[in-house]
Every structure is written in C-alpha cells, then in structure tokens.
Amino acid sequence: MSAPSSPALVDRASRQGGYALLLVLGLIALTGAAIAALLTMSMTTARTVAALDRIAAERRAADGALTAALTQMEVNPSATGTTDPCAQGSLPAVHSLAFDQGDANPDNDVDIDVTCSPEPALDTGAIASTKPGGTVDIVGATPYLGAVKWSTNCSAGDPGPGCFPWQMTIGVLPWLTSGSQLIASGPTLVHSGALPLRLAADVQVARTAAVARNPVEAPAAIQVGGQYTQGLPGPFSAQGGGACGVLGRTHPWGASGLRVLDADIDPICNDPASRLIDPDPIGSTPPFPVSSTHPVVPACPSGQNVITLSPGTYDRTATAALNRMLDGSGCPGRTFWFQPGTYSLDVDDAVAPSADRHRLVIDDPTAKVVFGAPRGWSTSAGAAISDFPLACDPGVSGASISLTGRTAIAHRRGRLAICPATSPSGTAYPAVVQTDAAPTDDRPVSVASTDFSPTANLIAPASDGVVATSRQFACTGSATTCTTSKQTFTTTWRSSSTAPLTSLRLYISGSEENGNVGSSWRHVRISVQPKGASTPVCTGDYTGLPGGREHPAAYDLRDPVAAPGCSAALTNESQLDQAQISVAIWFDFSCLGILGCPYVDTLRLTDVSLRANAWVGAPATSSTRTTGGQGDWLNAANVASGSAPAAEINYDLTPAPPRGDPCTPTTRARGYCQARRGNDSAIDRSYHLQLDNITTTTGSTQLPDAAHLRSLDVLVSQRAILEGGFYDEGSTTFTLTKGTLSCSATFPIFVTTSQDTAFDMYRSTDCQSRFPDAASIKGSSLAMDVRFACTPEKSLTNNPCQVWMHPTVSRVQLAASTDTYLGPPPNAQITTDDAHGSSFLSTGRVLIPATDLDVRWRGEVEQTQPLIADELVVHGLGSDMAPTAQMGTLCCSPAVPATRAVRLEARIGSQLRGYVTATISDRDPDTGVVSPGRGIDILEWELCAADECAPPPS
C-alpha cells in the first residue's frame, strides 16, 4: 500500500505545468513573429522588385521613345520653307508612344511623351536645296544702285525695312572710323531684315556684299544653300577676319548679324575667277525667236474678265498702253493672259514718272497677270486669287519674255506668274531674259519734200534698192559760172535716249545721174530745229554728195568748222526727239567758154539716217608701201594726225605718158594726172595706205569692251580739188586686222566728192563675225588699197586711160555704232505680300544682267517654292523686309535647314525621364542638296528616374 503525496510536492508540480505553458506560448509567439517578419520581408522584397521593374520599364520606354523619335526625325527632314528644325513634313516625327509590357495587366504599360525643341546654340544657320542645280550670279562690275539704301544707318530699335544697323552691330566707334571702307567697296549684294535672305543655290558675286540682319545678335544675314564666292574682299577685311572680313566667322568684331553662311559655313572672298564673271551673258540676241509682228493691246473690255494678249513684239506704244491698264486705275479686277509663245517688251513711256519711263509697272492689287498656259482656271472666267502663285502650268510650253536693255519690270502690287516656253526640241527657254540691245533710238518718222519723189524713199533702207529722184539741177546760158536753185527735204526724227551727245552724223546714200557734167561744186546746207523751237538752233554748210549707195556721204553735224555752234547747241540725244532736220542742195557749174552752161544733173537719194554717239577711232601712225622705189602715197604720215598737207597718190610715171601732161604739181593742182596705163589690166596698180593701232579719239563715245556693234564704217575724209569731171572706175579694199584675226571688204570707188565717205565694213560677213564688239576693234590696224581700173573716159571716145582724178585724203577713221544700251536701266522690283494682293512666281530662269533687282518682303509669301526657279542673273541684288514680313526662298530651289540642331525630351506625365541633344545633317556632301539623315552627331543622351534628371538648360 502506497503512502499519500505530500502537499509540497503537489504544489511544485502545479507550478511547473504553468511554466511549460508559458514557454509553449512564448515559443508560439516567437514563431509567429518570425513568420510575420518573414512575410513582411517577402512583401517588401516583392514591392522593391516591382518598383525596380517599373523603373527599368520606364527607362526602356524612354530610351525606346527617344530612339524612335530620333530615327523618325533622321529620315523626315523639316518642311520646305521653314527654318524650325522641329517643324516636320508629311510624317510625324515625334509623338506620344505607349509601351506594352507584354502581360494582361494594363497598369504595367508605360506612356511616353516625346517633345522636340530647337537647340539654338548648335544651329549653324545653313540651308540646303531640295533639288540639285540652280545658280545665282550677281555680275555687276559697278556698284548696286537700286532702292535699298545699304549705306544708311538705323536709329536704335528701328527694324526697317531698308534699315542697316551698322552702328548697333559693330559699334559706334568702329563705324565712325571705318565705315568709309564699306562705302568705298561698292557692293552689289545688299540685304537687311529680321530674317536672313535665303538663296538655295550656288552664289557668285563679281564684287562684294553689304548685309545686316536686324536683330543684330541673330546668326547670319544671308543663308546660301550652296557655295558662296565673291570677287572682292568682304567689308572691313582690313580689320581682320581674312578675305571675307565681317562676312565670315573669324572677324574680331564678332558681328554675327553681318555674316554669310553657305554649305560649308564659310564663304570664299577675293576670288579672281569671280571678278571675271561674264557681265553680258545674253548679248544682243535673245536665246529664243520672237515674232516681229506688233500685236494690238486691246482696250479694257466691259463685262469681260480676261484680257488676252498674243505673242510678238511690244514697242513703246504698246507697252505704254499696258502700263495704263496695270496701274490700278485703268482696268481693275481683270486677268491679263499672255498666251503661250515668246514676247519682246520695250518700254519708253514718256508720260510716266521719270523713274518709271522704262518700266513695265504692275501696281494693281486686283490684277492677275499670267504668262503661259492656264493652270486650273478658265480663259473666259479668269483666274482666282486661290490659283496663285502657281497660276500657269509649268508642265507645258508657256510664255517667255525678252526685255530690251533699257526695260525692267516693276512688280509692286498684283499677282504675277510666269511659266516659260520650250523649244521645239523640248528644252525650256528662260522665263525672262534681258538683252543688252535697245531699238535704234534716232530714226526718221516722216519726211516732207516738194523736190524729191517718191518722198518716202528718202528714208528707205539703201538695201531696198529704192531711191527718191530730185528735180533737175539746171544751168543754161553763157555765164562763166552758174548757180542752180536749191532743192530741199525735211525729216522729222524720233529719239528716246537721254544720253549726252558726243557725236552726230547725218548719212545720205545715193548718186548723181551726170557726175561728169564738167567742173562743178556741190553745196549741202543742213539745219537742225528741235521740237518746240521756232527756228533752227544751228546750221552747217558742207561740200560733196554721196557717190553711190554702197558708200554714203557722212555729214558731221558737230563739226566746228562746217557747223559752228552746233556742238554747243546740240548736247543731248533728247533734243533729237521730234526734231526737224532740213537738207538743202545746190550746184555751182563752171561754164566752159563758148559752150556756156548747158548742164543739168539729177540726184537719186535714199537711206537718210542719223548716227549719234558713235565710237570713233583714229590710227596712232600711218604709212605707205614702197613700190618700184617710190612710196605709194605722198604725205602718208599726215593721215594719222589729220594735218596738212593731205596724203596724195604718188602715181607711177613709168612708162611715160605718150601725150599730155605728166603727173606734176601743176596737173595735181588742177585735180587730175595723166599717167598712161594702156588697156592692159596687168599693169594696173594698187596704192597701199597702212593705218596702225586705232584708238579712241578725243570726244568719242566710250564703248565698253562688251558692247555689241551694230555698224562698223571706215570714214575717209577727202577734199577733192574738183568736184566734177571724170569718174575713176576701180575699187577700194579695206583690210581690218587685230592679232590673228583679219577681214576685208571691197567697194567700187568714185573720188569725186569732198565730203566724208562711209564704207561699211559689215558688208563683209567675215567682219561681222570676227569683229563683233568694241574690244575687237580697239587697237586694230586698217589697210586701204586703192586700185584704178583702166577704162576710157566717159566723155570722150577712143581715148586711152590717161586722165585720173587725183584724190587727197586728209583723214581715215573707224566709226562704230552699237545696239547695246549704254544708259543705266531702271531697277526691277518684286514685292511679296500675298494677303494684300502681291505674289510673284517664275518657274523658269530670270536673266537680267544689266538690271538691279529689288526684292521687297512686305507680308505673307508662299513657303513651299522659291520666287524664281533654276537660275537668277542680275547686275545687283537688293533685299529688305518689313518687320512683320515672312521670308521666302528667293532662288533657286525650295530650301530647308541643312543641319537640324534639336533637343528631344521624354516625359512620363510631367516628369522628365530622358533627353537627347543631337545635330542631324541633311545635305548630301556630293550634290549639296537634301538627302535626309546623311549624318547624326549625338552630343548628349541621358536616361533617368524621377527627379534624377537635371532641369533642361534655359
């Protein structure tokens, strides 16, 4: 039997059981805490991993978005006509992109917004053409004289137009101390405006440029899509910056607003080849044929929308009528349609303001002028405003314009579109060309006479073979001498020139019916009465009449001996306009003893013409050939100077004359020599006179070397002792030589006149082709060979060849006239302000090498195409902008930035998550035109989480 437990033991056991429970509970709590901690750690890790995944996804999205945007920008260049590198073309380059993480949870996807902004600090300012080809040639060798006042200075804050901020750009002190250098440079390219002038072409300037952008801190005043080259150093090159001076990037003044930027950023200056650029690439003949028909300009039609004009030649009367219709008052709201074909325009509008006398002026905002085939409009309803600027169809043969050397087009208001004609072979003609020629300014418009008939034949061309015949000059009776009555004619003249007069000659072709009527003297009196004068202002008295239509008599109306006072009274060609020139002719006959004076004679005259302002050249030396031991001419050296005694033929007296007087001083004084020649032409002899180094005479018109010659005459001054007697039948041959070039012209000769005789060297086609311009005749040499044929005297029968008239030559000169216009043509104008009725477009070349072109940017302008396509040739170019005007591309292709400098930024919401700074080059290095994405230069590429990206630079 067991004994019962004690109370102490029981109590201890109870207390031990409580401890165990607490231990178990503690262990359970500890395990739970550990498990909770482990669960918490697991959840935190999951959230961290998710956050990191999100960050990585956003980085990848930002990186991908920036890559995609940059790729699209690379292949998709800026829109035509804008300089904003972020303004895109047909494909969107940057936009909002959504990146799908590839699971079913849309919350995992990332939306990225990419924005583009220009990076001005990296912008080169260069532009490029969107198609190859195209040139701008500024060919003037003399300074620009257009309306843009390039040598003036802006006041502070003045934006123009026509405002050149020289002092604000380079500083007051440099301008005051060095500004005279700019004035002395005489630029031919000038521009000022808020935006740079855009020329998407290669540009060549014979002289230099003066350009200034306002605001002055902006990069570049001119942007050139190709290579810019000029012949002279740039402005202020004496102060540094190399040959281009302030036009380049290295000038010490750092005037960025004065720079020219081209395809390789740096222009070329002081280039010898550019100084030699052809100033007259067209010459006197347009590169396309123009009909000589003179279309009638219709009156402004009532109730009709279209005024239709036909191809042909529009003289000063027709162009004046056009000006009356295009001036804003004569015919508003019409479409002027110049049908396809070629046109010649010569403007000499006497009632226009003096500055516009030689301009075709378009100054009507409602006028719509179209040269060429219509594009999208009806020839009955007319063109609408929306049809412009491209209102003509460039895909078919259109209309081409030839301007005379004195004519320009001033487009001030109105819409003008020109699409050129094409040749039969399909080659495009230029849209506008300017020849250096102008119509013959001094020409007869009427003639009156009661003594000559048909009267009109007096002013007919000699080549027509028609003459006006005089009444008989008759002398009867037994007096020793007899004076005939005067026979007269009066011509009225037209002249549109205002050039100073340096020379004036009246040419008359024709012959006498009876040149052998005995010893006689001819008298010619010429008087000049300008329009408005009640009496002649001067009169000249001359001896001698023309000896045939092949070599007219030339009467010098400014000869101080024959016409004293005429040189003082006749000083300007304008005096010839509507002037009357009257000619009176009479004879003195020497009556022969018992025969008395039973003499009559008749004149046959034609081709009365004026030669004003001719170039006249005289030889520096003259000499003769020696034949058989004696000189062909006596006193030959005096011909060069015109001094006395005059040169005489030195007749060969061997064999001796069989009868009669030999050629002695006595017989020479009587005006003839007897020298036997027999009837054998083999012993005929040529008498050679050599004239060397022909140079411009004092008071002669100075012709530029490039001047195209219209006529080239040899003027031979003779003073025959007897004016009548026997004809000498033979020939004169003139040979003109310069270097290796030579030509000859032969004429029948009659040495029976005491008046200057003109021998036309251009009767020889060789002379026309080999000596076409002033440069070719200056310094030339001339040989004159006089040859006598052997024929019996006309007054006697069976008389051997013994009696020869004895010429005495006092002077031989070359006289050349030109159809090159020598006066300054007016400047042409183009105005752009589409919102107010001014737009201009030429889809073909514009070649006006004698004219300064002023481009006035005054408002809106079409940005997708240039004003002038393919090529522009001008004497000088001036450009200015109104402060709010747009800048288009002047020539020759649509332009875009050559290099785009951009900053692309990727954002999630408002937070920046990445950015790229890059430059994208779009110019093809081989062709110079746009070829998208030719090169990319990544300057910065940063990706970042929230708040990690630095703020974009200000």
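**A short tour of a predicted model**

Hi everyone, let's start at the surface: Ile-936, Ile-938 and Trp-941 make a nonpolar patch of about 220 Å². For patches, residues need over 30% relative accessible area and no salt bridge, with like charges joined within 9 Å and nonpolar side chains (Val, Leu, Ile, Met, Phe, Trp, Tyr) within 5 Å. A salt bridge here is a side-chain nitrogen of Lys or Arg within 4 Å of a carboxyl oxygen of Asp or Glu, and accessible areas come from the Shrake-Rupley method with a 1.4 Å probe, where for residues only the protein chains shown count as cover.

Some housekeeping: this is a predicted model, where local features need pLDDT of at least 70, side-chain atom pairs count only at pLDDT 80 or more, and totals for chains, interfaces and linings use all residues. Residues are numbered from 1 along each chain as its sequence is written, and side-chain values use heavy atoms, leaving out hydrogens and water.

Back to Trp-941, which lies in strand S56, residues 930-943. Helices (H or I, at least four residues) and strands (E, at least two) are DSSP runs, numbered from the N terminus. Trp-941 is partly exposed, at a relative accessible area of 31%; buried means under 20%, exposed over 50%, and partly exposed in between (1.4 Å probe, protein chains only).

Now for helix H5, residues 316-326. Eight of its 11 residues are buried, so H5 is largely enclosed by the rest of the structure. Among the buried ones are Leu-322, Met-325 and Leu-326. What do the buried residues of H5 pack against? Their partners include strands S12 (306-309), S16 (359-371) and S25 (487-494), with contact meaning heavy atoms within 4.5 Å. Asp-315 caps the N-terminal end of H5, a side-chain oxygen lying 3.1 Å from the backbone nitrogen of Thr-317. After H5 comes Gly-328, with a positive phi near 100 degrees.

Next stop, strand S29 (residues 553-556). Both of its faces are covered: Ala-553 and Tyr-555 are buried on one side, Ala-554 and Asp-556 on the other. S29 runs antiparallel to strand S26 (residues 504-512), joined by four bridges; strands pair if DSSP finds at least two bridges between them. Tyr-555 is the bridge partner of Leu-506.

That brings us to Asp-756, which touches Ala-553 and Ala-554, among others. Is Asp-756 buried or exposed? At 4% relative accessibility, Asp-756 counts as buried. Its side chain makes a polar contact of 2.8 Å with that of Ser-717 (N or O atoms within 3.5 Å; within protein, one able to donate a hydrogen and the other to accept it, and residues adjacent in sequence counting only if both atoms are side-chain atoms).

Thanks for listening!

Notes:
Lists of a residue's contacts leave out its neighbours within four places in sequence.
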